[in-house]
Amino acid sequence: GLVDDTLEGLFSSPDLHYPQVISLLKNKDQDNNNNNNQTINRNTTNEEKTEYANRLQQIYQKCNPAKLGSIVNLINKYGNSLATLHATYLKVCQKYGAPTQNVFNS
């Protein structure tokens, strides 16, 4: 859909604009979960932080083991909202050509 195309365009450019990404992800989340009032623009749960830390660990183990030590910092820096955490995960996937998974909502 349009949101997917726009997201792809944002992630293919090296200069990521987080506010645009967050609003697109938020809209996409609302489209996908019309019955769910929770958007991804909210505080993350510990379960979500753990899931994204595991996802990042898998990518870094395979593609850039030297970055494994930076996962905790990434989660602390970008893990306040699920939107920024997922956007960060997508950016890492794009950088290393890793397949992406959908937003993890606990």
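Start by selecting Tyr52, Leu56, Ile59, Tyr60, Ile75, Tyr89 and Val92, the residues with the most contacts inside the largest nonpolar core, which has 17 residues. Colour the helices next: H3 (46–63), H4 and H5 each supply at least two residues of this core. H5 gives the most, with eight residues. In soluble globular proteins, nonpolar side chains tend to be buried together. Keep in mind throughout that this is a predicted model.

**The whole chain**

Zoom out and show the cartoon. The protein has five helices and zero strands, so the run of elements from the N terminus reads α-α-α-α-α. Of the 106 residues, 36% are buried. Now switch on contacts between residues at least 6 apart in sequence: 60% of them join residues at least 24 apart.

**Tyr52**

Return to the core and centre on Tyr52. Which residues does Tyr52 contact, leaving aside its neighbours within four places in sequence? Select Ile75, Leu82, Leu85, His86, Tyr89, Asn102, Val103 and Phe104 to see them. Two of these names, Ile75 and Tyr89, were already in the opening selection, among the core residues with the most contacts.

**Two salt bridges**

Show charged side chains as sticks. How many salt bridges are there? The count comes to two.

- Select Arg42 and Glu48. They form a salt bridge, and their closest N and O atoms are 2.8 Å apart. Arg42 has 16% relative accessibility and counts as buried, because the cut-off for buried is under 20%. Glu48 is buried as well, at 0% relative accessible area.
- Select Arg55 and Glu51. This salt bridge has its closest N and O atoms 2.9 Å apart. Both residues lie in helix H3, four residues apart, which is about one turn of the helix. Is each partner buried or partly exposed? Arg55 is buried at 5% relative accessibility, while Glu51, with a relative accessible area of 21%, is partly exposed.

**Ser81**

Move to the loop between H4 and H5 and select Ser81. Although Ser81 sits in a loop, its relative accessible area is 13%, and therefore Ser81 counts as buried. What is Ser81 in contact with, once its neighbours within four places in sequence are set aside? Add Ile40, Asn41, Arg42, Asn43 and Thr44 to the selection to show these contacts. Arg42 in this list is also the salt-bridge partner of Glu48. To check the spacing here, draw a distance between the C-alpha atoms of Ser81 and Thr45: the two atoms are separated by 9.0 Å, and the residues are 36 apart along the chain.

**The second largest pocket**

For the last stop, turn on a surface. Rolling a probe the size of a water molecule over the atoms shows where empty space is left. Select Tyr60, Leu74, Thr88, Lys91 and Val92, which lie nearest the centre of the second largest pocket. About 200 Å³ of space lies in this pocket. Its lining has twelve residues, divided into six nonpolar, two polar and four charged.

Which helices each supply at least two residues of this lining? They are H4 (71–78) and H5 (82–96). H5 provides the largest share, five residues. Tyr60 and Val92, near the centre of the pocket, also appear among the residues with the most contacts inside the largest nonpolar core.

Definitions and conventions: Residues are numbered from 1 along each chain as its sequence is written. This is a predicted model: local features need pLDDT of at least 70, side-chain atom pairs count only at pLDDT 80 or more; totals for chains, interfaces and linings use all residues. Side-chain values use heavy atoms; hydrogens and water are left out. On a 1 Å grid over the protein atoms alone, a cavity is a set of points where a 1.4 Å probe fits but cannot get out, and a pocket is an open set with protein on both sides within 12 Å along at least five of seven lines; lining residues have an atom within 4 Å of a point. Grid points are joined across faces, edges and corners, and a volume is the space filled by probe spheres set on the points. Ala, Val, Leu, Ile, Met, Phe, Trp, Tyr, Cys and Pro count as nonpolar, Asp, Glu, Lys and Arg as charged, and the others, Gly among them, as polar. A nonpolar core is a set of buried Ala, Val, Leu, Ile, Met, Phe, Trp, Tyr and Cys residues joined through side-chain atoms within 4.5 Å. Buried means under 20% relative accessible area, exposed over 50%, partly exposed in between (1.4 Å probe, protein chains only). Contact means heavy atoms within 4.5 Å. A salt bridge is a side-chain nitrogen of Lys or Arg within 4 Å of a carboxyl oxygen of Asp or Glu.
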